[in-house]
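Please open the structure in your viewer and keep the selection panel at hand. The tour below proceeds by successive selections, with a short account of what each one shows.

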Amino acid sequence: MTVQTDVQTFPLYINGQWQPASNNETFDVINPATGQLVAKVAKGTAEDVNKAVHAAREAFDNSDWRNMSPKERANILYQISYAISEHADELAYLEAISSGGTVRRIGGNDILQMVDLFQTLAKFVLEYEFSETLPSPPFPGPAHNFIWREPIGVCAAITPWNLPMVIATWKIAPALAMGNTIVVKPASYTPLSTLKLAEIISEVVPPGVINVVTGSGAEAGEALIKHPNVDKVAFTGSTEVGRRVMELSAGTIKNTTLELGGKSPNIILEDADLSIALPGSLFGVFLHSGQLCESGTRLFVPDQLHDVIVEQLVHLASKIKPGNPLDPNTDVGPVISKKQKETILSYIEAGKQEGATLVCGGKEIKVPGCEDGHFIEPTIFTNVTNDMKIAREEIFGPVLSVIRYSEVDEAIKMANDSIYGLAAGVWTKDVNNAYDIARKLQAGVVWINDWHMLRNDAPFGGYKQSGIGREMGKHSLDAYTQVKHVHTSMVPELHRRNWYGLLFSEK
Ligand code: NAP
């Protein structure tokens, strides 16, 4: 498959082959920057999901895939990382024309992050303790005992549109690293780069190890979660859909991890270096037009510095250049769709209605050359209180709420007063104080004088309604294994006398 600028049709990717949907239906993928049709993609059905799960099951049960040595598996992970590098331009292009993410960010971060993830997990696989031997215990009696880590089986990955490739690899890489097989259901706005990624990965893994079924969440997504031959579900998306995923998983008691929404608090302390804290805070909220789950959308600022901070934030925000994501000079692209644009604008309206003060942006923008795209100005509200709708709900757009505080404890209390707990941040020159605050913040990651810094060797995931489980790091490998305890009795005679005596009184 080669990149073309005309409209291409993308089939499903099952068992190492491209195939149309069982009913031959397709859906449209639209470039959110231009409103143009960029591809038609197979609309997978429950029948197609069944085919993909069957292929993944066969590859897991009846091939050598799951039994490879750590060295062989690490070698495959390295080969995948090289293949991603080789196809970097094509992947970045497919991602940019469907997600609206800038090629500058996708090429300058996402591709590198993906390559590094496969390489990091390759190193971890070589060190991983697949088998642990326990010392022979005085109780219940002499024995050889092992704890084995085994692959779970067929994994289902359901992914969102904001970072389609990166989030798919957060699931694909650890699943393959631990010998599982996988079926991915990408978001309907952005299936192209995931399909290409599966094709690239298939060059180095047996057929059926990775499959992609495109189609709606309601049909393909639900069929995948409910399928009795799927052993694990890894979902990233909204908290609302995450709740539904959990309900469906409960039907067959599936091992389920959830990476969900956020409303992350960002606290600037009085001693912060504003020359870095202010651009850093805007980077934290406006990157990818605010469509990142860990965006720092609630900015807590000390009373004394409020006015000077707001003035500088507005000045800096005015420098952010919206544009076509394919132009390397573009700072931010569009939001994903007309529907999402309208949702964001309705939140901006709600902010005004509730009495917050709009100090920057707030409107749709027409970008020359992209007149049919969905662009929104970087938007800043002040006089926000933590109980307002714009401070409580995830907007998933370029909207920052500035909230004043007088005491740091009050800021921490407000920061934690949220149903979410994905990320949090503190800007200060006093790192020890920052550690004290980090301990008090209820979030899966706390950045000190930084934002969006996700390392592939560190876990990522949420507290509270931001999710269950962790991705990346060694934790992600554990999440794709199950644990088996194997016991070998060493002194059967002794057992017969003591242990079985619990049942047989006669020796
Ligand atoms: P979404 O609407 O929840 O959709 C996510 C995925 O779930 C899509 O593939 C979607 O398919 C599918 N889906 C929808 N309904 C489903 C159902 N009933 N059963 C099974 N699957 C279903 O989320 P989104 O709008 O794509 O992404 C934005 C959200 O993701 C935000 O809330 C953001 O915070 C969150 N997110 C979290 C993280 C994290 O790591 N914590 C990272 C990125 C994004 P369709 O596209 O076909 O509807």
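Begin with the largest pocket of this predicted model. Its lining comprises 49 residues. Select W161, Y189, G237, S238 and V241, which lie nearest the centre of this pocket. Next, colour the elements that each contribute two or more residues to the lining: β4 (26-30), α7, β11, α8 and α11 (338-353). Of these elements, α8 contributes the most, with six residues. The volume of the largest pocket is about 1400 Å³. If the lining is coloured by residue class, 24 residues appear as nonpolar, 15 as polar and 10 as charged.

Now display the ligand. Where is the ligand found? It sits in the largest pocket. Four elements each supply two or more residues to the shell around it, namely α5 (164-177), α7 (217-226), β11 (232-236) and α8 (239-250). In this shell the leading contributor is α7, with four residues, whereas in the lining of the pocket that place belongs to α8.

Select the residues around the ligand, 31 in number. Those that come nearest are S188, E222, S238, L260 and E394. S238 thus appears in two selections: among the residues nearest the ligand and among those nearest the centre of the pocket. By class, the shell holds 15 nonpolar, 11 polar and five charged residues.

Three distances in this shell merit display.

- E394: an N or O atom of its side chain lies 2.5 Å from an oxygen atom of the ligand.
- L260: a backbone N or O atom is 2.7 Å from a nitrogen atom of the ligand.
- A187: a backbone N or O atom is 3.5 Å from an oxygen atom of the ligand.

Then turn on the surface of the protein around the ligand. On its own, the ligand has 910 Å² of accessible area, and the protein covers 87% of this.

Leave the pocket and turn to the enclosed spaces. How many cavities of 30 Å³ or more does a search of the whole structure find? The search finds three. The largest cavity has a volume of about 60 Å³. Select P265, Y420, G421, A423 and Q442, which are the closest to its centre among the 16 residues that line it. The elements giving two or more residues to this lining are α13 (408-416), β20 (420-421) and β21 (423-427). Coloured by class, the lining of the largest cavity shows eight nonpolar, six polar and two charged residues.

Finish at the second largest cavity, which holds about 50 Å³ of space. Which residues line it? Select G262, K263, S264, G290, L292, C293, S295, T297, E394, I395 and F396. This lining divides into four nonpolar, five polar and two charged residues. E394 has been met before: this residue lines the second largest cavity, and its side chain also places an N or O atom 2.5 Å from an oxygen atom of the ligand. Centring the view on E394 therefore returns the tour to one of the residues that come nearest the ligand.

Definitions and conventions. Residues numbered from 1 in each chain as written. Predicted model: local features only at pLDDT ≥ 70, side-chain atom pairs only at ≥ 80, totals over all residues. Heavy atoms only, no water. Near = heavy atom within 4 Å. Polar contact = N/O pair within 3.5 Å; in protein donor to acceptor, adjacent residues only side chain to side chain. Areas by Shrake-Rupley, 256 points an atom, 1.4 Å probe, with all protein chains shown as cover. 1 Å grid on protein atoms, 1.4 Å probe; cavity = no way out; pocket = protein on both sides within 12 Å on 5 of 7 lines; lining within 4 Å. Sits in = over half its atoms within 2 Å of the grid points. Nonpolar A, V, L, I, M, F, W, Y, C, P; charged D, E, K, R; others polar. Points joined across faces, edges and corners; volume = space filled by probe spheres on them.
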